[in-house]
Amino acid sequence: MLDGCVPWPPDAAERYREAGYWRGETLGALLRGWAERYGDRVALVGDDGTRVTYRELDMWCDRLAAGFAGQGVAPRERVLVQLPNTPSFVAVCFALFRLGAVPVFALPSYAVRSCGTWRSCPVRSRWWIPDEVRGFDHRALVRDLLPELPRVARVFVAGDPGGEEDGLVALAALEQDPVALPEPDASDVAFFLLSGGTTALPKMIPRTHDDYAYQTRITAGICELGEDTVYLAVLPVEFNFPWGCPGIIGVLGVGGRVVFAPDPTPQTCFPLIERERVTMTSVIPTIVHLWLDAAGRTGHDLSSLDVVQVGSSKLHDEVAARIEPELGVRLQQVFGMAEGLLTFTRYDDPRQVVLTTQGRPVSPADEIRVVDGDDREVPDGTVGELLTRGPYTLRGYYRAPEHNASAFTADGFYRSGDLVRRTPTGEIVVEGRVKDVVIRGGDKVSATEVEGHLTAHPGVQQAAVVAKPDRVLGEKICAYVVADRDGPAPTLPGVRRLLRARGLADFKLPDRLEVVEVFPLTGLNKVDKKVLAARAGLLHSGGGAGRGDAR
Ligand code: OOB
């Protein structure tokens with residue numbers, strides 16, 4: 001395995017192979033088989049209508065792999081990939097897989113930070129594939145940064161390199177007649193995901209061919225994907241969720257079709273759903289809000305859409321209950337992490353399970369512990385930290401021995417940092433983060449719990465609760481909300497009244513309410529609570545009735 005990665009212990013690896021989870025097939029070789037099986041079927045569709053068949057994709061990857069090799073990209077070298085949602089992304093990745101080079105997926109929103117990421121994080125790649133993503137021109141960044149980044153040998157761009165700059169090469173100009181390449185080892189790293197931590201620089205998560213092939217295959221089975229599946233890739237393709245849960249790779253594995261949406265807005269996605277008769281997609285709760293708002297007014301025919309997976313942050317019950325009736329689809333809740341573990345609700349689960357839980361692990365070999373602060377398992381129904389290990393969950397971050405010592409237990413369980421409870425039937429319910437707690441006069445208040453109640457207010461569309469430093473109590477509860485244009489304006493007394501009526505203890509009621517237009521987002525499109533907490537720290541105590549501190 002690549003130097004700096006932590007392999008699974010031999011006995012665990014042996015078990016996963018014997019059980020048939022790990023089949024020793026690389027992702028590049030799998031695509032070869034899919035091309036043989038599904039030949040002239042359409043595999044990929046760009047938003048501009050470009051269509052690529054399985055056979056064409058296979059050939060495209062071979063030609064690109066030869067081009068990368070010709071430029072000097074060697075097996076096991078890391079290549080930072082930041083491409084928009086287009087067929088090229090898939091071709092580039094599978095070309096690198098065939099070469100045995102290792103893409104590092106950087107989400108588009110890491111763009112501005114990539115120089116810092118480059119210098120201080122172990123990505124340190126010699127090769128970079130950026131492009132203009134959602135309005136951000138990486139090429140301008142490249143031009144500004146190249147003089148500062150002497151390690152970078154080549155920058156490949158998907159579009160027009162647009163000038164004479166040294167080091168910029170068009171991907172299209174790379175393609176060459178295929179060359180014979182040695183087959184990489186399936187137990188080795190196929191690509192790196194970056195961890196979503198908002199606290200520090202991202203950590204690198206190695207994903208092997210064996211583990212990712214398994215993840216996509218098992219989730220494709222749960223989602224009952226087939227040749228008729230038309231999947232809309234709405235979230236940035238570098239994100240684990242649309243890439244392989246079962247996402248793009250899962251759909252390609254069964255001969256389905258992937259359609260790429262350049263952005264998640266209803267204006268972009270609804271016409272694509274209609275035009276391509278999309279059957280399935282995956283989104284995050286913030287996008288669900290946009291789609292629910294627009295669905296009632298749209299003239300577009302969304303009737304082909306059958307399943308919408310929602311995950312990545314808590315989907316509150318009130319919103320969950322609107323999805324099936326208002327979008328006319330089946331909801332599947334997905335809890336997951338770039339590090340591995342995935343839990344899904346199943347299509348035949350009782351409605352309450354689908355609406356109020358984040359589902360069960362996708363693999364029978366996923367091991368889960370819910371523990372207290374002393375790592376002792378707690379009974380079902382009690383909230384504790386989720387620890388996990390299994391056939392597609394990492395055993396260590398790349399080149400991070402110190403961090404690994406605290407992020408994993410001695411017996412290899414990953415400490416997710418998520419607070420969950422388990423239902424008697426084995427579903428996971430996410431209750432917050434270990435650190436997402438406001439400690440108010442010694443009482444611990446889960447931000448997620450208060451947020452859930454806040455979103456029940458008819459005038460509140462989204463809510464984020466953070467701590468506001470307080471001289472007396474240590475911390476007070478500060479609720480940021482995005483108001484719903486169609487509902488009554490939320491006020492602090494009104495919100496407190498509602499939450500009290502819903503049975504929330506007095507000490508959990510917000511002390512302060514701030515109504516904002518939009519939330520700041522992290523690189524992974526989650527609400528950036530660090531920014532909100534910093535803002536809360538700057539708020540003066542006191543303030544007008546309804547908007548300031550409760551007295
Ligand atoms: C997904 O992956 P990451 O790595 O961006 O973030 C993982 C974290 C989890 O540890 C949890 O804190 C949160 O995101 N999360 C959820 C959630 N799904 C993820 N919190 C509440 N409810 C959910 N359904 O976010 C991710 C990866 C693969 C599939 C789906 C999401």
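**Notebook: the ligand and strands S14 to S16**

I began at the ligand: one of its nitrogen atoms lies 2.8 Å from a backbone N or O atom of Val 334. I count a polar contact as a pair of N or O atoms within 3.5 Å. I also found a ligand nitrogen 3.5 Å from a polar backbone atom of Gly 336, and a ligand oxygen 2.9 Å from one of Ala 338. On its own the ligand has 600 Å² of accessible area (Shrake-Rupley method, 1.4 Å probe), and the protein covers 93% of that.

A note to self: this is a predicted model, where local features need pLDDT of at least 70 and side-chain atom pairs pLDDT 80 or more, while totals for chains, interfaces and linings use all residues. Residues are numbered from 1 along each chain as its sequence is written, and side-chain values use heavy atoms, without hydrogens and water.

Next I looked up the shell, meaning residues with a heavy atom within 4 Å of the ligand. Among its 20 residues, Ser 312, Val 334, Ala 338, Asp 418 and Lys 526 come nearest.

Which element gives the most to this shell? I found that S14 does, with four residues. Strands here are DSSP runs of E with at least two residues, numbered from the N terminus.

Then I followed S14 (residues 330-337) to its antiparallel partner S15, joined by four bridges; a pair needs at least two DSSP bridges. The two form a hairpin with two residues between them, and Val 334, my starting residue, stands opposite Phe 344 in S15.

Last, I checked S15 (residues 340-344): five of its five residues are buried, that is, under 20% relative accessible area with a 1.4 Å probe, protein chains only.

Terms used
Buried means under 20% relative accessible area, exposed over 50%, partly exposed in between (1.4 Å probe, protein chains only). A polar contact is a pair of N or O atoms within 3.5 Å; within protein, one must be able to donate a hydrogen and the other to accept it, and residues adjacent in sequence count only if both atoms are side-chain atoms.
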